[in-house]
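Hi,

Here is the structure I said I'd send over. Have a look at it first, then read my notes below.

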Amino acid sequence: MNENPIDKVADLGRDIGEYIKLQRNNAKISLRQLSKLAGVSNPYLSQIERGLRKPSAEILQQIAKGLRISAEALYVQAGILDLPQGGPVVDAVRADATLTERQKQVLLDVYESFRRENATTTQEPDNKE
């Protein structure tokens, strides 16, 4: 059975709301505190969490800042960005429920910097004169 595009948008709204609420609870921040940190009204944030509103990329960025997680994580959840390409290490880090989004991002940044460093050292041409 094919899902109606309108239902898909509603699902995304619910998904992002649930994700924000989960991140807020993990950070042990009340709805009112996050509202203040993100500069978003308390009622509007509550509607987002309940899936009644689908926030813009700008609002998601403010919420991410308030939660101290990457805006990219919220964009992916909201369907604004595609899930970045992974691999076994990246997938394992992203799947680890014991890590915060910020910790995951730091680990992935370090991992990618090592991969880039190793790629440049292995690709340097041999100087043969």
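The notes cover one pocket, one valine and one helix.

This is a predicted model, so local features need pLDDT of at least 70 and side-chain atom pairs count only at pLDDT 80 or more, while totals for chains, interfaces and linings use all residues. Residues are numbered from 1 along each chain as its sequence is written, and side-chain values use heavy atoms, with hydrogens and water left out.

Valine 93 first. It sits in helix α6 (helices are DSSP runs of H or I, at least four residues, numbered from the N terminus). Valine 93 is buried, at 13% relative accessible area (buried is under 20%, exposed over 50%, with a 1.4 Å probe and protein chains only). Leaving aside residues up to four places away in sequence, Valine 93 touches Leu99, Lys104, Leu107 and Leu108 (contact means heavy atoms within 4.5 Å).

Next, helix α4, residues 57–67: its buried residues are Ile59, Leu60, Ile63, Ala64, Gly66 and Leu67. These cover an arc of only 160 degrees around the axis, so they lie on the same side of α4 (the arc is taken from the directions from the helix axis to the C-beta atoms). Exposed Glu58 and Lys65 are on the face turned away from that buried side. Right after α4 comes arginine 68, with a positive phi near 60 degrees.

Last, the lining of the second largest pocket: α1 gives the most, with four residues. By class, the lining has five nonpolar, three polar and four charged residues (Ala, Val, Leu, Ile, Met, Phe, Trp, Tyr, Cys and Pro count as nonpolar, Asp, Glu, Lys and Arg as charged, the others as polar). A pocket here is an open set of points on a 1 Å grid over the protein atoms alone, where a 1.4 Å probe fits, with protein on both sides within 12 Å along at least five of seven lines; lining residues have an atom within 4 Å of a point.

Cheers

Technical notes. Helix = DSSP H or I, 4+ residues; strand = E, 2+ residues; numbered from the N terminus.
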